[in-house]
Amino acid sequence: MDFKRVEGIFLVVFLFLNMFLFYVYQEGEKDQKIVSTGTISENIEERLRADDIEVPHSLSEKIEQGYYLSAEETNLFAEAKESLKNQEWQVSDNQLTSSLVTKFDNNISDSDEEKEAKKFVSQKGNVLNNSEYVLSEFENQKGEKYVFHQEWEDIPFYDETSQLTLRLQKNDFEHLEIDNYEQTHLSNIEPLRDPQNLISEREAVISLYTNNRLQSGNKIKSINLGYTRIFTVREKNVYIPAWFITVETNKNNVQVERIDAFSNAVLSGNVSEVKN
């Protein structure tokens with residue numbers, strides 16, 4: 001048995017877990033005004049109605065499971081050189097940017113946009129690792145873009161390190177067409193620990209409310225569970241499950257809040273890089 005190799009693996013896993021615990025500690029130390037959730041948990045729906053805060057559906061109390069995951073960002077250059085057809089592309093910082101030489105469709109009707117986006121991704125030679133991507137449930141903009149992500153056990157990575165964005169535009173005949181796309185990809189995705197129970201959708205909304213991230217008149221547009229990156233170490237990214245809650249604060253402003261599905265903390269937008 002190669003004891004040095006085993007020792008190295010345990011060292012990396014130990015480092016990951018220590019960095020995560022330090023991250024959770026930092027989140028807990030933030031100066032946030034937290035309201036006791038005991039009473040609020042019992043009547044959150046009533047409080048939301050009183051504050052004129054809309055929700056898209058009844059809040060689920062279903063408990064799901066998720067992982068601490070590690071993954072590496074894929075350099076897509078070699079694969080793109082071998083596989084992509086009828087495209088002008090380049091790779092920079094592990095992101096592939098491609099412009100279609102032969103447009104996919106010069107006549108995409110309004111009713112067929114999503115269908116045509118999925119069809120483009122599914123066809124061989126259009127997108128690398130195409131079978132690994134699923135359509136996002138909240139990031140698409142009709143007539144402008146469609147976003148896809150990889151998954152791990154049916155939970156998507158809602159993160160820029162695992163993202164395929166198709167961009168649409170109108171041609172000279174005012175018909176929509178798929179014009180270009182950007183792609184990132186994750187390889188060597190591995191769980192760092194056994195799966196653990198996650199907070200429910202309802203608990204995530206309670207956390208957002210008690211942390212004063214929901215204001216009177218806000219509208220919750222969507223609530224989705226996905227993986228998000230929290231730090232990078234030795235060129236490996238570490239991901240945790242989070243609830244992504246899309247909030248419309250007014251007609252011209254929509255923001256996405258993230259709730260750590262393990263600790264129930266509101267996540268900041270920062271990603272730490274640990275250098276060794």
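How many of the 10 residues of helix H6 (residues 201–210) are buried? I looked that up before anything else, keeping in mind that this is a predicted model. Nine of them are buried, so I wrote H6 down as mostly covered. My list of its buried residues reads Glu201, Arg202, Ala204, Val205, Ile206, Ser207, Leu208, Tyr209 and Thr210. Just past the end of H6, I noted that asparagine 212 has a positive phi of about 60°.

**Whole chain**

I then stepped back to the chain as a whole. I count six helices and 16 strands in it. Of its 276 residues, 43% are buried. I also checked how far apart in sequence the contacting residues are: among contacts with a separation of 6 or more, 64% are between residues 24 or more positions apart. The exposed area of the chain is about 15,500 Å², and carbon and sulfur atoms supply 44% of that.

**The six-stranded sheet**

Next I traced a sheet. It is open, has six strands in the order E3-E4-E10-E9-E6-E5, and its pairing is antiparallel. Which strands stand at the edges? They are E3 (87–92) and E5 (134–135); each has a single partner strand, so one side of each lacks a neighbour in the sheet.

I followed the pairing from the E3 end. E3 and E4 (residues 95–100) run antiparallel and are joined by six bridges. One pair I picked out here is valine 91 with its bridge partner in E4, leucine 96.

From the other end, E5 is joined to E6 by two bridges, again antiparallel. Valine 134 has histidine 149 of E6 as its bridge partner. E6 in turn is linked to E9 by four bridges, and these two also run antiparallel. There I found tyrosine 146 opposite leucine 166 in E9. I also checked cover on E6: four of its five residues are buried, so this strand is mostly covered.

**Two loop residues with positive phi**

I went looking around E3 for odd backbone angles. Asparagine 86 has a positive phi near 55°, and it is not a glycine. This residue sits in the loop between helix H4 (77–83) and E3. Is asparagine 86 buried or exposed? It is exposed, with a relative accessible area of 52%.

On the far end of E3, aspartate 93 is in the loop leading to E4. Its phi is positive too, near 50°, in another residue other than glycine. Aspartate 93 counts as exposed, at 73% relative accessibility.

**Helix H5 against the sheet**

What does H5 (residues 113–122) touch in the sheet? I found it packed on the sheet, in contact with E4, E5, E6 (145–149), E9 (164–170) and E10 (176–183). Its direction makes about 50° with that of E6.

Which residues of H5 are buried? I listed Glu113, Glu116, Ala117, Phe120 and Val121. Looking down the axis of H5, I see these buried residues fall within an arc of 135°, so they line one face of the helix. The general rule helps here: an α-helix has 3.6 residues a turn, so residues three or four places apart point the same way. On the other side of H5, I noted Lys115 and Ser122 as exposed. As for what covers the buried residues of H5, E4, E6, E9 and E10 are among the elements that do.

How values were computed: Residues numbered from 1 in each chain as written. Predicted model: local features only at pLDDT ≥ 70, side-chain atom pairs only at ≥ 80, totals over all residues. Heavy atoms only, no water. Pairing = 2+ DSSP bridges. Contact = heavy atoms within 4.5 Å. Axes fitted to C-alpha atoms, helices over the stretch in contact; angles between N-to-C directions. Buried < 20%, exposed > 50% of the residue type's maximum accessible area, 1.4 Å probe, protein only. Arc of directions from axis to C-beta. Areas by Shrake-Rupley, 256 points an atom, 1.4 Å probe, with all protein chains shown as cover.
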